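User: I'm new to reading protein structures, and I'd like a close look at a single part. Could you walk me through the aromatic rings here?

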Amino acid sequence: MDMEQKLYDKGIEKYPLASAIGQNLFFVIYFAVAFIGMSFLQINNIPIVSIIYIVFIGIMLIFVLRKHLCTHCFYYGKVCGTGWGKLAACLFKKNSGNYELGGKLAGVTWMLAMFLPLIGMVIALILNWFSITITLLLVIFIILSVVNFFVHKKSCAKCKMRFICPGSTAK
């Protein structure tokens, strides 16, 4: 038995579907708060920053990272903590992506997913004379970011890929 197979011996085979659905609903709320919070940054009444952000997040999370990470994962074709292993199997062939590139892109994607809204909302807050609405959205986004970290960490603790995944918080 090789080292990689030994790493798979512990961890759950399949995450509960309800957990994956809940995680995705959380992400919808998380990114919606980011979108709305940055929507106060407008050019000609168009929330261009929010639109660019949500298109970037959508492309990276639905397509790019699924190809480069999930096609190499134990949970490819299975329900993982997010259910994205199933999504990846619908979109791409197994091992069709570049795992190393995926790890790097995941780090950049999640950093931008968190820091762009923080910076955007702070700028919007200053430009809008410290709006209560933007302040509230910023606080909610910060709280959701902390929750996201702990949910991710808890999910990683049960994952068969936790010791080799570049995005694991359980190492």
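Analyst: Happy to! Ring pairs join Phe26, Phe27, Tyr30, Phe31, Tyr53, Trp84, Trp110 and Phe141 into a cluster. Please keep in mind that this is a predicted model.

Let's zoom in on two members of that cluster, phenylalanine 27 and phenylalanine 31. A pair of aromatic rings is described by the distance of the centres and the angle of the planes. Phenylalanine 27 and phenylalanine 31 form a stacked pair, with 6.0 Å from centre to centre and 25° between the planes. The label "stacked" applies because planes under 30 degrees apart count that way. Along the chain, phenylalanine 27 and phenylalanine 31 are separated by about one helical turn, because they are four residues apart in helix α2. An α-helix has 3.6 residues a turn, so residues three or four places apart point the same way.

Are these two rings buried or exposed? Buried means under 20% relative accessible area. Phenylalanine 27 has 9% relative accessibility, so it counts as buried. Phenylalanine 31, at 8%, counts as buried too.

Now step back to the full tally: there are twelve aromatic pairs. One of them joins tyrosine 15 and tyrosine 75 edge-to-face, at 5.5 Å centre to centre and 65° between the planes. This pair links distant parts of the chain, 60 residues apart: tyrosine 15 is in the loop between α1 and α2, and tyrosine 75 is in the loop between α3 and α4. Both tyrosines are buried.

Finally, a ring can also meet a charge. The charged end of lysine 78 sits over the ring of phenylalanine 74, 3.7 Å from the ring's centre. Lysine 160 also lies over the face of phenylalanine 74, at 5.3 Å from the ring centre.

Conventions
Residues are numbered from 1 along each chain as its sequence is written. This is a predicted model: local features need pLDDT of at least 70, side-chain atom pairs count only at pLDDT 80 or more; totals for chains, interfaces and linings use all residues. Side-chain values use heavy atoms; hydrogens and water are left out. Rings of Phe, Tyr and Trp (its six-membered ring) pair if their centres lie within 6.5 Å; planes under 30 degrees apart count as stacked, over 60 as edge-to-face and the rest as tilted. Helices (H or I, at least four residues) and strands (E, at least two) are DSSP runs, numbered from the N terminus. Buried means under 20% relative accessible area, exposed over 50%, partly exposed in between (1.4 Å probe, protein chains only). A charge sits over a ring if NZ of Lys or CZ of Arg is within 6 Å of the ring centre and within 35 degrees of the ring normal.
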